[in-house]
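Thanks for making the time this morning. I would like to walk you through one model, going from its sheet to its core and then to its charged pairs.

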Amino acid sequence: MEKEGFYFPHFSNARHDRKIKRLRLELGIEGYGIYFMLLETLRDQHDLCYPMGDIDLLADEFGTSEQKVRVVVCNYGLFDVSDDNAFFSPRLLLYLEPYFKAKEQRIKAGKASALKRQANDRSTTVQQSKVNESKVNESKVKKSLLERKNEFLLSINQNNIERLNDQLDSFIDYWTEVDSKENMRFEKEKFFEVNRRVSTWVSRIYNKKEFEKPQQPGRLSRFVELSQNLDKLADQLYSNNDGTN
């Protein structure tokens, strides 16, 4: 039986991305095809990751060399590699954000409904307290670095992706930088709201570009130049008068 296919967005301007332009320049249309076949493969995985050790299997499936597949995965910044040596696409996670949020809401609704039925079936407060205790214990389990980074990526909505434009990768790299204790930069902030951080980032980039524009000489500089010329003229007149006397 053929495996069910899953949908993921393919934007019409994907070929204009700077990283993909570099990929096409060096590997041609074959590299472009390998890239999107890798995205399709990742979408088929339940965790959206694929082990680096099995890239040779993908190369055989794609009808190309293992070396070319590894170059696409490792050389253009289009994929990241997790701690357990599996590669994934940060942008694919962003593009699937609406799907994941809808799925998460359905899961929560299903759990809430199940808990409600469970509460109705159980009449004792002791049994209900066990359910609550289980929830508390589950919340105390620290998520992996990859899970936390994926949650951060999913918090960047499509509007913010468009606002950041070519600054998207820099924004993600800066805020997901990991310290020696495996804490990312954004996790160390007392308050962190993505929309406001994106606004600040975009504003700073714009102000930097404005500051770097060449400045035209203003009135003050022209006045200084005129004053200097008048001083030179006065010195010349004084010198000529002194010579005639």
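**The sheet, the core and the salt bridges**

Let me begin with the sheet, which in this predicted model is an open one of three strands, ordered E1-E3-E2 and paired in antiparallel fashion. The edges are formed by strand E1, residues 50–51, and strand E2, residues 80–81, each of which pairs on one side only. If you look at where E1 meets strand E3, residues 86–88, you will find two bridges joining these antiparallel strands, and Pro-51 has Ala-86 in E3 as its bridge partner.

Turning to the interior, the largest nonpolar core has 48 residues, and those with the most contacts inside it are Tyr-35, Leu-38, Phe-79 and Phe-87. Helix H1, residues 18–44, supplies the largest share of this core, namely nine residues. Leaving aside residues up to four places away in sequence, Tyr-35 touches Ile-20, Leu-23, Val-72, Leu-78 and Phe-79. As a general point, nonpolar side chains in soluble globular proteins tend to be buried together.

Now, what about Thr-176, which sits in the loop between helix H9 (168–175) and helix H10 (194–211): is Thr-176 buried or exposed? Thr-176 counts as buried, because its relative accessibility is 8%, and the cut-off for buried is under 20%. Its side chain reaches the backbone oxygen of Ile-172 at 2.5 Å, and, again not counting residues up to four places away in sequence, Thr-176 touches Lys-149, Phe-152 and Met-184.

Finally, the charged pairs, of which the structure holds twelve that qualify as salt bridges. One of them, between Asp-169 and Lys-19, has its closest N and O atoms 2.4 Å apart, and this pair links distant parts of the chain, with Asp-169 in helix H9 and Lys-19 in helix H1, 150 residues apart. Both partners are buried, Asp-169 at 18% relative accessibility and Lys-19 with a relative accessible area of 16%.

Another salt bridge joins Glu-177 to Arg-185, with the closest N and O atoms 2.1 Å apart; here Glu-177 is partly exposed at 43% relative accessibility, and Arg-185 is partly exposed at 24%. In the salt bridge between Lys-188 and Asp-179 the closest N and O atoms are 3.4 Å apart, with Lys-188 exposed at 52% relative accessibility and Asp-179 partly exposed at 25%. Elsewhere, salt bridges that share partners join Asp-17, Lys-19, Arg-91 and Asp-169 into one network.

Notes: Residues numbered from 1 in each chain as written. Predicted model: local features only at pLDDT ≥ 70, side-chain atom pairs only at ≥ 80, totals over all residues. Heavy atoms only, no water. Core = buried A, V, L, I, M, F, W, Y, C linked by side-chain atoms within 4.5 Å. Buried < 20%, exposed > 50% of the residue type's maximum accessible area, 1.4 Å probe, protein only. Helix = DSSP H or I, 4+ residues; strand = E, 2+ residues; numbered from the N terminus. Contact = heavy atoms within 4.5 Å. Polar contact = N/O pair within 3.5 Å; in protein donor to acceptor, adjacent residues only side chain to side chain. Pairing = 2+ DSSP bridges. Salt bridge = Lys/Arg side-chain N within 4 Å of Asp/Glu carboxyl O.
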